[in-house]
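This report describes the sheet of a single protein chain, together with a helix that packs on it. The sequence and the structure are shown first.

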Amino acid sequence: MSERVALLTGGGDKPYALGMAMALSSAGTSLDFIGSDDLEVPELLNDPQIRFLNLRGDQRPESSVGQKLLRVTLYYIRLLRYAATAQPRIFHLLWNNKVQFFDRIFLMLYYKALGKKVTFTVHNVNAGDRDANDNWLNRFSLRTQYQLVDHLFVHTDKMKRELVSDFAVSPDKVSVIPFGINNTVPNTDLSTAQAKKKVGVKETDRTTLFFGNIAPYKGLDDLVAAFIQLAKAEGGYRLLIVGRPKHDQGYWRRIDEMITRSEVRDLIRKTIEYVPDEDTELYFKAADVLILPYTHVFQSGVLFLGYSFGLPAIATDVGSLREEIVEGETGFMARPRDPSDLAHAIRRYFESDLYRNLAERRAKIRAYANDRYSWNKVAGITTSVYSNLLPARY
């Protein structure tokens, strides 16, 4: 496709933004990539198909409230100025920015007034419902945005059904695309034995991993309760908790207290901080299985990150996770909010052929993921939508 497209990233989610940009570029689409300091990487800067525009700048979380307010204000000014003179006729939103109400209504109306066709990749149909802070204003602004955009991309059929039923979106306006496999995190020749030694677990330890933001919908409290049951009943289990609390600090404090009071606290290794890309492989190679004990979610980028390292997963049966896990081949399922059933699923995994042949199965899981969640498939569907949205130029 020769038409230039503006890819508005919101300044974050490097794996998805970079994967999408490189896939579209490989498919022949030229891009204005609206990014930030975090996304200013050689892959984008050196691609002749991509014009990198760092409108977002610095996003360091340790900045003062005043600094954050100033840089967000400057970003919106730059974004409005860019849109007014931008060559691309299609604006593809990967994420909204910081001020959701402004983005969902006023920015959308502004883009439409400029004659832009707008597409939007919806990663969460209604995050307010997931995070238990939904209200009429949130739903009104979501509905407005979903009605104003010209086309929506989602990652599962269930998400499409929710857009249709809850927000009155026409089914013809929604395309389901795979969640592209994470190919931005370094994957070196670090072995499992070396990784386990580095994180401080034995090579024979049955090592489970929780990775990512810590929030109530992630169900980490259920996993800790399940692990305590397992580790008290039999030896050889270890749990790695890697991530940082998101918004609700009290949630993590309660979990940390549960760990501290338990008899098996020495078997739980906590890395409560942001983990940069270059350190991510350490944990996914040290682990024998990834645990996704979610209570409410549509799909999980962490699952696909695990698959990129060939790591099996045990997930609770929420959202569309059952569609993403092949029982006994790429992982196992458990009931949500049921620590006893989760403990049973973990034990079942470590008694399975999947675990016994893990070194061999890792390669098969990577091959499965690279085929099923190919960025080429994402780019093919996406560019087809672009072409259908644009009137021919004579």
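How many of the residues of strand E1 are buried? In this predicted model, 5 of the 5 residues of E1 are buried, and the strand is mostly covered.

## Strand E1 and its surroundings

Strand E1 comprises residues 4-8. Arg4, Ala6 and Leu8 are buried on one side of E1, while Val5 and Leu7 are buried on the other, so that both faces of the strand are covered. In a regular strand, side chains alternate between the two faces of the sheet.

E1 has a pairing partner in E2, to which it is joined in parallel by 5 bridges. Within this pairing, Val5 has Leu31 of E2 as its bridge partner. The connection between the two strands involves helix H1 (residues 14-26): E1, H1 and E2 form a right-handed β-α-β unit.

E1 also pairs with E4, again in the parallel sense, over 4 bridges. Here Val5 is placed opposite Ile90 of E4, and Leu8 is placed opposite Leu93 of E4.

## The sheet as a whole

These strands belong to an open sheet of 7 strands, arranged in the order E3-E2-E1-E4-E5-E6-E7 with parallel pairing. Strand E3 (50-53) and strand E7 (174-176) form the edges, each pairing on one side only. From one strand to the next, the twist averages 20 degrees. Strands of a sheet pair through backbone hydrogen bonds, in either a parallel or an antiparallel manner.

Toward the E3 edge, strand E2 (residues 30-34) runs parallel to E3 and is joined to it by 4 bridges. Asp32 has Arg51 of E3 as its bridge partner.

## Strand E4 and the step to E5

E4, like E1, is covered on both faces. Ile90 and His92 are buried on one side of E4, and Phe91 and Leu93 are buried on the other.

E4 pairs with strand E5 (residues 117-121) in the parallel sense, again over 4 bridges. Phe91 stands opposite Val118 of E5. Between the two strands the chain passes through H4, giving a right-handed β-α-β crossover.

## Helix H3 on the sheet

Which strands does helix H3 touch? H3 (residues 65-85) packs on the sheet and touches E1, E2, E3 and E4 (90-93). Its direction makes about 155 degrees with that of E2. The 21 residues of H3 reach 31 Å from the first C-alpha to the last, close to the 30 Å expected at 1.5 Å a residue.

The buried residues of H3 are Arg71, Val72, Tyr75, Tyr76, Leu79, Tyr82 and Ala83. Viewed down the helix axis, the buried residues of H3 fall within an arc of 140 degrees, and they therefore line one face of the helix. These buried residues pack against E1, E2, E3, E4 and also helix H4 (100-113). Leu69, Leu70, Arg81 and Thr85, on the other side of H3, are exposed.

## An exposed loop residue

Is His247 buried or exposed? The relative accessible area of His247 is 72%; because residues over 50% count as exposed, His247 is exposed. His247 is located in the loop between strand E9 (237-243) and helix H10 (249-261). The C-alpha atom of His247 is separated by 9.6 Å from that of Asn213, and the two residues are 34 residues apart along the chain.

Key: Residues are numbered from 1 along each chain as its sequence is written. This is a predicted model: local features need pLDDT of at least 70, side-chain atom pairs count only at pLDDT 80 or more; totals for chains, interfaces and linings use all residues. Side-chain values use heavy atoms; hydrogens and water are left out. Two strands pair if DSSP finds at least two bridges between them. Axes are lines fitted to C-alpha atoms, for helices over the stretch in contact, and angles run from 0 to 180 degrees between N-to-C directions. Contact means heavy atoms within 4.5 Å. The expected span of a helix is 1.5 Å times one less than its number of residues. Buried means under 20% relative accessible area, exposed over 50%, partly exposed in between (1.4 Å probe, protein chains only). The arc is that of the directions from the helix axis to the C-beta atoms. A crossover is right-handed if, with the strands pointing away from the viewer, the path from the first strand over the helix to the second runs clockwise.
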